[in-house]
Amino acid sequence: MQCRKFQSGVSLLEVMIAMLVLGIGLLGVAALQASSVRNTQNSYERTIAIVMVDSVIESIRANPNAAAGAYAMSDCTPAGGGLIGEQLTHWVARLQLELGDSVQCSIVFNNDRYVIEVNWKDERQSEMTETLIRTAVVL
């Protein structure tokens with residue numbers, strides 16, 4: 001009489017290979033999620049910077065005294081006082097609140113143009129510095 005062996009179930013080697021493939025797949029998903037979070041934070045910070053710069057551009061355009069370079073500043077320090085200085089101080093405080101204490105900003109007046117520059121460090125991207133430069137024409 002001949003004895004036949006039929007395999008029933010799964011061998012240990014097949015289970016280990018399946019677990020290895022599943023583990024590699026889950027590591028890929030985790031890396032993709034981490035990259036997504038990093039890029040979302042970068043996009044959020046850039047959007048905040050754009051909105052903040054646009055708000056100061058609107059303040060410049062709404063003020064008839066802006067043509068004289070009253071909004072000019074360097075190193076996040078307003079050059080003048082009064083209402084414009086107070087607006088800029090509030091704007092810088094909001095920038096630092098939203099983008100962190102590493103934010104650097106300047107507003108340069110040249111003829112009929114303001115150039116607004118905002119720099120900040122992105123801690124999630126290995127201390128890279130992000131820069132946003134916008135130009136506003138004063139008529």
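**Group meeting: a walk through one predicted chain**

Of the 139 residues in this protein chain, 27% count as buried. Keep in mind that this is a predicted model. The chain exposes about 9500 Å². Carbon and sulfur atoms supply 58% of that area.

Now the layout. The chain has two helices and five strands. From the N terminus, the order is α-β-β-α-β-β-β. Take the contacts between residues at least 6 apart in sequence: 49% of them join residues at least 24 apart.

On to the core. The largest nonpolar core holds 27 residues. Which of them touch the most other members? Trp91, Tyr114, Ile116 and Val118 do. Five elements each supply at least two residues of this core: helix H1 (12-62), helix H2 (82-99), S3, strand S4 (113-122) and strand S5 (128-137). H1 gives the most, with seven residues. As general background, nonpolar side chains in soluble globular proteins tend to be buried together.

Stay with isoleucine 116 for a moment. I leave aside its neighbours within four places in sequence. Its contacts then include Val53, Val56, Ile57 and Ile60. Trp91 is on the list too. So are Ser106 and Ile107. Leu132, Ile133 and Arg134 complete it.

Ser106 deserves its own slide. Serine 106 lies in strand S3, residues 104-110. Is serine 106 buried or exposed? Its relative accessibility is 17%, so it counts as buried, the cut-off being under 20%. What does serine 106 contact, beyond its neighbours within four places in sequence? On one side of the list are Met73 and Ser74. Then come Val115, Ile116 and Glu117.

Next, the disulfide. A search of the whole structure finds one. Cysteine 76 pairs with cysteine 105, with the sulfur atoms 2.3 Å apart. Where do the two partners sit? Cysteine 76 is in the loop between strand S1 (73-74) and strand S2 (77-78). Cysteine 105 is in strand S3. They are 29 residues apart, so the pair links distant parts of the chain. Both ends are covered: cysteine 76 is buried at 13% relative accessible area, and cysteine 105 is buried at 3%.

Last topic: charge pairs. Side chains of opposite charge can pair when their charged atoms come close. How many salt bridges are there? The count comes to three.

Start with aspartate 54 and arginine 134. Their side chains meet at 2.9 Å, N to O. Aspartate 54 lies in helix H1 and arginine 134 in strand S5, so this pair ties together parts 80 residues apart in sequence. Aspartate 54 is partly exposed, at 28% relative accessibility. Arginine 134 is partly exposed as well, at 29%. Arginine 134 has already come up, among the contacts of isoleucine 116.

Then arginine 61 and glutamate 58. This salt bridge spans 3.8 Å, N to O. Both residues lie in helix H1, three residues apart, about one turn of the helix. Glutamate 58 is partly exposed, with a relative accessible area of 48%.

Finally, arginine 94 and glutamate 98. Their closest N and O atoms are 3.4 Å apart. Both lie in helix H2, four residues apart, again about one turn of the helix. Arginine 94 is partly exposed at 39%. Glutamate 98 is partly exposed at 23%.

To close, back to strand S3. It holds serine 106. It also holds cysteine 105 of the disulfide. And it supplies at least two residues of the largest nonpolar core.

Note on methods:
Residues numbered from 1 in each chain as written. Predicted model: local features only at pLDDT ≥ 70, side-chain atom pairs only at ≥ 80, totals over all residues. Heavy atoms only, no water. Buried < 20%, exposed > 50% of the residue type's maximum accessible area, 1.4 Å probe, protein only. Contact = heavy atoms within 4.5 Å. Areas by Shrake-Rupley, 256 points an atom, 1.4 Å probe, with all protein chains shown as cover. Core = buried A, V, L, I, M, F, W, Y, C linked by side-chain atoms within 4.5 Å. Disulfide = S-S within 2.5 Å. Salt bridge = Lys/Arg side-chain N within 4 Å of Asp/Glu carboxyl O.
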